[in-house]
Amino acid sequence: MLKKGLYLRFPPEIVEKPIVYRLVRDYNLAFNILKATITPGKEGIMIMELIGDNRENLEKGLEFLKQMGVEVQPLGQQVLKNEEVCIHCGACTAVCPTGALSVDRSTFKVVFNPEKCTACGFCVSACVTKAMEIHIQSEAA
Ligand code: SF4
Ligand code: SF4
């Protein structure tokens, strides 16, 4: 099973079309929406994991998104934790959907496991000291 973390931007003219549904129906892909802000008539933003059983279907699905006018950017392992400004308040652990941020019970410090991170960005918004930094790749998927 292959997974790809994606940042998708839907322009207003296509925001109400069932585009994500067609990824499932036409390309045999599954998805896990981590965050979505979609308002009819306005631009929509979605952060998701796209899941397929082979690379060919994933690539075809990505090509379909681009043909429909969706801006697609890959999410990788671009989230970093700045230990110098982290105060170990734990706010990020409450919003992290993958368990990449957790409290070490022996030290009561918040630890970051980049291997579990999908770069969804939830912790970046939640962190009061701006210790979590996200870097979105700019090249096309
Ligand atoms: S929310 Fe920020 S300051 Fe608090 S534990 Fe997480 S990274 Fe550290
Ligand atoms: S970006 Fe932050 S909230 Fe999202 S998976 Fe990575 S550590 Fe967790």
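**Reading a four-stranded sheet and two ligand shells**

Guide: Welcome! Let's start with the sheet: four strands form an open sheet in the order β2-β3-β1-β4, and their pairing is antiparallel. Do keep in mind that this is a predicted model.

Visitor: Which strands stand at the edges of the sheet?

Guide: Look for strands that have a single partner. Here β2 (30–37) and β4 are the edge strands, so each has one side without a neighbour in the sheet. As for the twist, neighbouring strands are turned by 25° against each other on average, direction ignored.

Visitor: How many bridges join β1 to β3, and how many join β1 to β4?

Guide: Follow the bridges pair by pair. Strand β1 (residues 2–10) meets β3 (residues 44–52) through nine bridges, in the antiparallel sense. On the β3 register, Leu-2 has Gly-52 as its bridge partner, and Lys-4 has Leu-50. Five bridges link β1 to β4 (residues 71–75), again antiparallel. There, Gly-5 is placed opposite Leu-75 of β4.

Visitor: Across which strands do helices α1 and α2 lie?

Guide: For a helix on a sheet, ask which strands it crosses and at what angle. Helix α1 (residues 19–27) lies across β1, β2 and β3, and runs at about 10° to β3. Helix α2 (residues 55–67) lies across β1, β3 and β4, with an angle of about 0° to β1.

Visitor: Now the ligands. Which residues surround ligand 1?

Guide: List the shell, then sort it by character. Around ligand 1 you will find Cys-86, Ile-87, His-88, Cys-89, Gly-90, Ala-91, Cys-92, Val-110, Cys-127, Thr-129, Ala-131 and Met-132. That shell divides into nine nonpolar and three polar residues, with no charged ones.

Visitor: And how many residues surround ligand 2, and which are the closest?

Guide: The shell of ligand 2 holds 14 residues, the closest being Cys-96, Cys-117, Cys-120, Gly-121 and Cys-123. By character, the shell around ligand 2 has eleven nonpolar, three polar and no charged residues.

Visitor: Where is confidence lowest, and where is it highest?

Guide: A general caution comes before the numbers: where pLDDT is low, the predicted coordinates should not be read in detail. For this protein the mean pLDDT is 87, and 94% of the residues reach 70 or more. Confidence is lowest in strand β8 (residues 132–134), with a mean of 82, and highest in strand β7 (residues 109–112), at 97. Met-132, which you met in the shell of ligand 1, has a number that falls in the β8 range.

Terms used. Residues numbered from 1 in each chain as written. Chains lettered and ligands numbered in written order. Predicted model: local features only at pLDDT ≥ 70, side-chain atom pairs only at ≥ 80, totals over all residues. Heavy atoms only, no water. Pairing = 2+ DSSP bridges. Near = heavy atom within 4 Å. Nonpolar A, V, L, I, M, F, W, Y, C, P; charged D, E, K, R; others polar. Axes fitted to C-alpha atoms, helices over the stretch in contact; angles between N-to-C directions. Contact = heavy atoms within 4.5 Å. pLDDT = per-residue confidence, 0-100.
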